[in-house]
Amino acid sequence: MFHNGKQFKRITLNIGDQVEFQTSSALLRDTYHSQVIGCNTRLGIVQISFPTSNGKLVLVPVGTNVKLRLAGSNDWLENFTVIDRTNGENRCLVLQIAYSNAAELINYQTYDDLQLLAVTSGKGGVGKTTFTINLAMALSKLGKRVCVLDASLGTANVDVHLGITARYNLAHVIAGQRHLNDILVDSEYGFSVLPGCSGLQRITELSDFEYNYLATEFDQLSERFQILIVDTGAGISRSVTNFVRAAGTGYLIITPEPSSITDAYALLKTLVKEQKSKVNLKLVVNRVYSKSEAVEVAERVQFAAERFLDLELQYVGCILEDRKVRDSIIMQTPVLSLAPYCNASQAFLEIAKELDTDTAAAINPSFNVLSRLWNFVK
Ligand SMILES: Nc1ncnc2c1ncn2[C@@H]1O[C@H](COP(=O)(O)OP(=O)(O)OP(=O)(O)O)[C@@H](O)[C@H]1O
Ligand SMILES: [Mg+2]
């Protein structure tokens with residue numbers, strides 16, 4: 001099997017399978033025998049029973065590198081690390097396979113196709129939520145299955161913009177009170193909303209059990225949707241930069257106001273400083289009076305980002321100052337629904353089409369959404 005030019009052997013592990021493994025440790029040089037007792041291939045995690053050698057338990061330390069194969073097979077799955085070791089009645093080793101080998105380990109599906117897009121800004125109140133819901137509607141009109149995650153902790157207002165009331169949020173899913181499917185709210189505009197609220201902060205504090213449970217819940221998102229747009233809130237707090245990095249692709253919204261530009265630059269600086277992976281940011285200038293004004297503002301930010309941060313920003317369009325946007329917010333309706341032919345609505349459609357044709361923004365194979373969020377939040 002080939003993916004992104006790399007060839008993968010595909011190996012299926014199921015609960016109960018007898019496996020053998022070897023370690024890179026000089027102290028543990030045998031081939032050890034064990035049994036698969038849990039497997040979450042989307043997370044690249046396999047739980048195996050404590051191995052034995054000559055009838056004795058073998059204590060493999062956390063952090064040991066391991067390769068694993070089905071008993072009797074010649075195909076090794078390389079690049080596992082022991083990430084946990086539990087004692088007691090249910091003692092087991094928890095192994096995680098390296099990202100680069102993840103596609104080799106299957107029993108359901110190794111990676112999902114859910115595209116994550118962050119919408120962010122340096123300064124608050126520049127039009128992120130307006131952009132998020134209208135982009136969501138524009139992409140739905142292009143036939144995409146879209147979900148919006150309201151992750152603007154503290155200032156969550158996607159529901160207010162849409163006039164919907166979310167009874168439950170992610171906190172209820174984490175507490176095991178609701179399934180993810182139950183908290184999703186279908187808007188009238190072709191896309192769904194996942195209320196995040198306080199639940200998102202808790203992602204960092206999950207126990208292994210809660211994490212595994214939530215990961216399975218998040219798998220449902222990949223089945224239902226193609227695009228998850230994350231409204232991240234403003235500023236340089238870690239919750240914002242984490243979501244932007246987790247998404248990989250994002251929109252940075254600015255207005256011509258000087259403070260919006262300096263705050264955007266501060267956000268970019270933080271992102272570059274903390275960078276754990278490449279961030280692909282698209283620049284949108286909101287509330288301008290002409291396209292040439294937008295180009296001028298965008299060029300200033302692009303110049304500073306390139307010159308001082310070595311960061312390339314792609315300018316993808318502007319949204320004119322439009323009374324209809326204000327009206328739409330008062331009416332709690334996306335402007336694309338209220339006035340589909342106004343300047344702002346047309347701009348949202350153009351930006352959605354740009355995304356549709358941008359293959360660089362397309363998804364990379366990866367573990368599931370939750371693991372991506374979690375890896376960046378932790
Ligand atoms: N293109 C536009 N034309 C006219 N008014 C606009 C436009 N874009 C945004 N606004 C106004 O700006 C206000 C703030 O927009 P929005 O709530 O989308 O910003 P935000 O960045 O999500 O804010 P916060 O940081 O508080 O979450 C809106 O209430 C609306 O009145
Ligand atoms: Mg907002």
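**Exercise 1.** In this predicted model, find which strands helix 12 lies across and the angle at which it runs to strand 20.

*Solution.* Locate helix 12 at residues 343-357. Helix 12 lies across strand 19 and strand 20. Its direction is at about 160° to strand 20. Next, take helix 9, residues 291-309. Helix 9 lies across strand 18 (249-254), strand 19 (280-288) and strand 20, and it runs at about 140° to strand 19.

**Exercise 2.** Place these strands in their sheet and explain why strand 15 and strand 20 each have one side without a neighbour.

*Solution.* Write down the strand order: 15-16-14-17-13-18-19-20. These 8 strands make an open sheet with mixed pairing. Strand 15 (185-186) and strand 20 (314-320) are at the edges; each has a single partner strand, so one side of each has no neighbour in the sheet.

**Exercise 3.** Determine the sense in which strand 14 and strand 17 pair, and over how many bridges.

*Solution.* Strand 14 covers residues 146-150 and strand 17 covers residues 227-234. Their pairing is parallel, over 5 bridges. Within this pair, Leu149 stands opposite Val230 of strand 17.

**Exercise 4.** Compare the span of helix 8 with the expected value, then work out how its buried residues are arranged around the axis.

*Solution.* Helix 8 (residues 258-274) has 17 residues. From first C-alpha to last it reaches 25 Å, close to the 24 Å expected at 1.5 Å a residue. List its buried residues: Ser260, Asp263, Ala264, Leu267, Leu268 and Leu271. Viewed down the axis of helix 8, they fall within an arc of 145°, so they line one face of the helix. Pro258, Ser259 and Lys273, on the other side of helix 8, are exposed.

Methods
Residues are numbered from 1 along each chain as its sequence is written. Chains are lettered from A and ligands numbered from 1 in the order in which they are written. This is a predicted model: local features need pLDDT of at least 70, side-chain atom pairs count only at pLDDT 80 or more; totals for chains, interfaces and linings use all residues. Two strands pair if DSSP finds at least two bridges between them. Helices (H or I, at least four residues) and strands (E, at least two) are DSSP runs, numbered from the N terminus. Two residues are in contact if their C-beta atoms, placed from the backbone, lie within 7 Å. Axes are lines fitted to C-alpha atoms, for helices over the stretch in contact, and angles run from 0 to 180 degrees between N-to-C directions. The expected span of a helix is 1.5 Å times one less than its number of residues. A residue is buried if 20 or more other C-beta atoms lie within 10 Å of its own, exposed if 12 or fewer, and partly exposed in between; C-beta atoms are placed from the backbone. The arc is that of the directions from the helix axis to the C-beta atoms.
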